[in-house]
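Trainee: Could you take me on a close look at one part of this model, the second pocket by size, and then at the ring contacts elsewhere?

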Amino acid sequence: MDSNTIFIRTGKGEDEMRSKSAHLVGDIKRALLMVDGTATFGEISKRAAPSLRSVLDEMFKGLEKGGFIQDKAKAKAGSVPKMGAPLKMATPLKKPVDEGVEELDFTAAFRAPSADMLAAEAKKAEAAKLRMAEEAKAHAEAEAQAKREIEAAKLKAQEEAAHQKAEQEAARARAELEAAKAEAEARALAEAARIKAEEKARAEAKARQEIEAAKLKAQQEAEEARLKAEREAAKAREEAERSAREEAEAVRVKAEQEAARVRAELEAAKVKAEAEAKARAEAEAKARQEIEAAKLKAQQEAEEARLKAEREAAKAREEAELARQKAAAETRAREEAERRAREEAEAARVKAEQEAAR
């Protein structure tokens, strides 16, 4: 970019500086502020650090492409936009190159604006709108005062010429003054209604944010309750299964020990005389019956342990389901509260619009 080029702000750029629009934020808006219609691009670039001059060149190209500034020499061929009063700004002190120059971070213009930056720009825009409203009101009052003075002078001159004509002109002047006064009052009322509507809109936005926060909190609490119920149910199932396994193992060991004891007794009986064969046979039959009874008892105890574990697991699932239902009921209650809050906010907005319309 030619360092001798002089840029001026366009109507769009003037609106941006007066906060009538909010297309720019951060350092790129401050770069627009440095455009005063007299300083060349080279002079403006000296206010930035040498390492940022290439960035400043891209920023000015972007401002020119976006229609915020234009070449002063090219603008002379057409209509030159009306320049507003330059806004006050903090200009870095000029120092020799070898002494260092205060650096301005124009790279911030290419970063996404943070929530704090957007809030600050919104506050600036709101303050600018209020100042414009006050200036417009003062201007209207000054115009009304000027009109009253002019009409008074006309009335005096016309009274010297003809009394009848003076009365007619006085009536017309009074009508014009009343019309001007009514117009000024209407503008003031419209501005007050606009400000009130903007305040209502901000209140509604805040209410929506609070509703979304409450909804998110309810969802998190419901999810935590569901996870807790699932963990407790899993723990109960594991505990029941472990207990059943331990009881079944104890019964099996006891049955094996009993069987081993019976086998030992049978082995000892074999060494007895053949005369005791019948008794041994009876003892063996009795032993087999005892073994079968022990096995049957072990199976029954294992089945009872399994049924007990299943009952405990079912109970844990029921408790988890009750916890889930309770969380769902709390979620529905919060959603109902959010719905009522949205309806109240909507009613307030409609009422504000009706008041503004009146």
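**The second largest pocket and the aromatic contacts**

Mentor: Happy to. Helices α6 (115-161) and α7 (163-270) each supply at least two residues of the lining of the second largest pocket. Keep in mind that this is a predicted model. The volume of this pocket is about 390 Å³. Its lining is made up of 20 residues, and those nearest the pocket centre are K137, A140, A184, R187 and A188. By character, the lining residues divide into twelve nonpolar and eight charged, with no polar ones. As general background, rolling a probe the size of a water molecule over the atoms shows where empty space is left.

Now to the rings. The structure holds two aromatic pairs. In one of them, the ring centres of F41 and F60 are 5.2 Å apart and the planes stand at 75 degrees, so this pair is edge-to-face, given that planes over 60 degrees apart count as such. F41 belongs to helix α3 (residues 41-45) and F60 to helix α4 (residues 53-65), so the pair ties together parts that are 19 residues apart in sequence. Both F41 and F60 are buried. F7 joins them, as F7, F41 and F60 form one aromatic cluster.

There is also a contact between a charge and a ring to look at: K12 lies over the face of F68, at 4.6 Å from the ring centre. For that one, the cut-off is that NZ of Lys is within 6 Å of the ring centre and within 35 degrees of the ring normal.

Note on methods
Residues numbered from 1 in each chain as written. Predicted model: local features only at pLDDT ≥ 70, side-chain atom pairs only at ≥ 80, totals over all residues. Heavy atoms only, no water. Phe/Tyr/Trp six-rings, centres within 6.5 Å; stacked < 30°, edge-to-face > 60°. Helix = DSSP H or I, 4+ residues; strand = E, 2+ residues; numbered from the N terminus. Buried < 20%, exposed > 50% of the residue type's maximum accessible area, 1.4 Å probe, protein only. 1 Å grid on protein atoms, 1.4 Å probe; cavity = no way out; pocket = protein on both sides within 12 Å on 5 of 7 lines; lining within 4 Å. Points joined across faces, edges and corners; volume = space filled by probe spheres on them. Nonpolar A, V, L, I, M, F, W, Y, C, P; charged D, E, K, R; others polar.
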